[in-house]
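Dear colleague,

I am handing over the structure below, together with an account of what was found in it. Please read the notes with the structure open beside them.

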Amino acid sequence: MFAEGARLKALHGPSAVADLSLGQPLEATAEVRAAFARAAAQDWPGRFGYLDNLGHPATRAHVAAACGLEGIPPEAVVMTCGAAGALVLALAAFCPPGGEVLGTGPYFPEFTAYARSAGGSFVALDAHPTEPLDLEALGQALSPSTAVLLLNSPNNPSGRVLTDDHYAQLAATLAAHEATTGRTVVLVVDEVYTALHYDGARSGRPFDHWPATLLVRSYSKDLGIAGERLGYLVANPALDLDQLTQRLRQLLRAYGFVNAPSTAQLAIVELGAHQVRLDPYLERRKLLAQALQGAGIEASLPDGGLYCFFDAPGGDDVSFVTAMAEQRLLFAPGVAFGQPGKVRACFSVELETLELATSILDRTHRTR
Ligand SMILES: Cc1ncc(COP(=O)(O)O)c(C=O)c1O
């Protein structure tokens with residue numbers, strides 16, 4: 001879709017294409033830019049040298065204090081090259097060659113590549129029609145090869161969140177599996193959209209339920225700095241942090257990351273107690289849902305993240321997405337996320353793009 005968007009924009013001009021197919025963040029605010037400028041201007045011996053693989057100590061301490069979880073020591077935090085870097089490291093640390101990373105539909109398509117890079121494979125349960133997690137199917141799918149359970153809340157693409165109830169039930173399922181097989185499944189929860197929950201929705205706290213848990217976070221989306229590649233891992237302090245961080249340190253080197261970008265790490269500290277403003281997202285979420293509903297497409301408001309995920313009119317996601325691309329309105333087909341028949345639309349775009357999307361939908365679906 002990225003290539004198709006670029007092709008159509010080159011052909012018709014950028015303002016003639018409504019590209020809702022990608023998960024680009026909104027533009028970084030002036031506050032974020034100023035923090036980066038201050039970070040870039042810092043000047044001290046070794047400023048541009050290698051740093052601790054795990055991250056600047058001040059950044060790890062800042063993240064530990066600011067991550068919204070109590071009792072997290074800086075030693076439990078590892079700065080990474082975005083959430084992608086964190087996921088690759090987490091899977092490499094816990095999925096042995098030939099092991100299985102179990103997930104659930106719908107899922108972020110890159111999970112497959114991350115599992116493969118660890119020498120394992122990603123296996124996803126079918127999406128449950130109403131629940132974010134099919135616990136019964138999950139219990140049946142766990143096998144002695146399951147090394148990691150990889151979940152995502154708020155979910156890309158569905159916008160659903162996993163609550164404490166889900167995690168409590170999940171922990172009971174994992175404990176039963178451990179009791180019968182002697183194997184501990186490591187839970188990795190991708191919380192890239194943690195700063196983007198809406199209408200009082202809240203994801204649960206996996207650490208309260210399952211000790212062998214790692215959280216994956218990122219500044220890509222909520223700070224609008226996806227190109228700066230900064231994310232982090234938080235390990236449950238119940239784990240052996242010495243052993244784990246030593247392993248992650250080795251993997252940071254082996255994968256060639258060495259360390260997460262230094263200036264971005266300093267900028268996060270410069271930014272201080274920054275709060276992400278939700279109004280631009282809430283406004284866009286509402287506009288997109290209204291545009292879809294106006295075209296007779298049933299679209300519910302997501303609890304978090306950047307996407308509306310709706311049933312493809314006519315039932316075939318690829319046909320619908322292809323037909324809309326001919327009208328210069330780009331969506332992503334659900335099949336890419338393991339849920340054919342659905343369509344993902346990203347509302348994290350300029351307001352003019354949403355206006356254009358609305359007028360295209362009006363023109364193409366007005367008959368209802
Ligand atoms: C669910 C999910 N995980 C991970 C990522 C990767 O994020 P990052 O840019 O921080 O590597 C994305 C990006 O779209 C995502 O949607």
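In this model, which is a predicted one, the buried residues of helix α5 pack against helix α4 and against the strands β3 (100-104), β4 (121-125) and β5 (146-152). The residues of α5 (110-117) concerned are Phe 111, Tyr 114 and Ala 115, and they lie on the same side of the helix because they cover an arc of only 100 degrees around its axis. This fits a general rule: an α-helix has 3.6 residues a turn, so residues three or four places apart point the same way. After α5 comes Gly 119, which has a positive phi, near 90 degrees.

To place this in the whole chain, it helps to know that the chain is divided into domain 1, made of residues 2-29 and 277-365, and domain 2, which covers 46-271. The centres of domain 1 and domain 2, taken over C-alpha atoms, are separated by 27 Å, and 24 residues of domain 1 are in contact with 25 residues of domain 2. On the side of domain 1 that touches domain 2, the elements giving two or more residues are α10 (279-294), β9 (307-311) and β12 (342-346), with the largest share, 3 residues, coming from α10. By class, that side of domain 1 has 12 nonpolar, 7 polar and 5 charged residues.

The largest nonpolar core has 107 residues, and those with the most contacts inside it are Ala 90, Leu 91, Val 148, Val 216 and Leu 233. Helix α4 (residues 82-94) gives the largest share of this core, 10 residues. Both domain 1 and domain 2 give residues to the core, so it lies between them. As for Leu 233, not counting residues up to four places away in sequence, it touches Val 78, Thr 80, Ala 86, Leu 89, Ala 90, Leu 214 and Val 216.

Leu 89 also appears in a pairing across the chain, since its C-alpha atom and that of Tyr 255 are separated by 8.4 Å although the two residues are 166 apart in sequence. Tyr 255 lies in the loop between α8 (241-254) and α9 (262-271), and with 14 C-beta neighbours inside 10 Å it counts as partly exposed.

Turning to the ligand, 13 residues surround it, and the closest are Gly 82, Ala 83, Ala 84, Ser 218 and Ser 220. The largest share of this shell, 3 residues, comes from α4; by class, the shell has 5 nonpolar, 7 polar and 1 charged residues.

Some backbone details deserve a careful look, given that most residues other than glycine have a negative phi, and most peptide bonds are trans. The peptide bond from Gly 105 to Pro 106 is cis, with omega near -5 degrees, and Pro 106 has its place in the loop between β3 and α5. Asn 156 and Pro 157 are likewise joined by a cis peptide bond, with omega about 25 degrees, and Pro 157 is found in the loop between β5 and α7 (164-181). Asp 199, although not a glycine, has a positive phi of about 55 degrees; Asp 199 sits in the loop between β6 (186-190) and β7 (213-218) and is exposed, with 11 other C-beta atoms within 10 Å. Arg 328, also a residue other than glycine, has a positive phi near 70 degrees, and its place is the loop between α11 (317-326) and β10 (329-330).

With kind regards

Technical notes: Residues are numbered from 1 along each chain as its sequence is written. This is a predicted model: local features need pLDDT of at least 70, side-chain atom pairs count only at pLDDT 80 or more; totals for chains, interfaces and linings use all residues. Domain bounds come from an automatic or database domain assignment. Two residues are in contact if their C-beta atoms, placed from the backbone, lie within 7 Å. Helices (H or I, at least four residues) and strands (E, at least two) are DSSP runs, numbered from the N terminus. Ala, Val, Leu, Ile, Met, Phe, Trp, Tyr, Cys and Pro count as nonpolar, Asp, Glu, Lys and Arg as charged, and the others, Gly among them, as polar. A nonpolar core is a set of buried Ala, Val, Leu, Ile, Met, Phe, Trp, Tyr and Cys residues joined through C-beta atoms within 7 Å. A residue is buried if 20 or more other C-beta atoms lie within 10 Å of its own, exposed if 12 or fewer, and partly exposed in between; C-beta atoms are placed from the backbone. The arc is that of the directions from the helix axis to the C-beta atoms. A residue is near a molecule or strand if its C-beta atom, placed from the backbone, lies within 6 Å of it.
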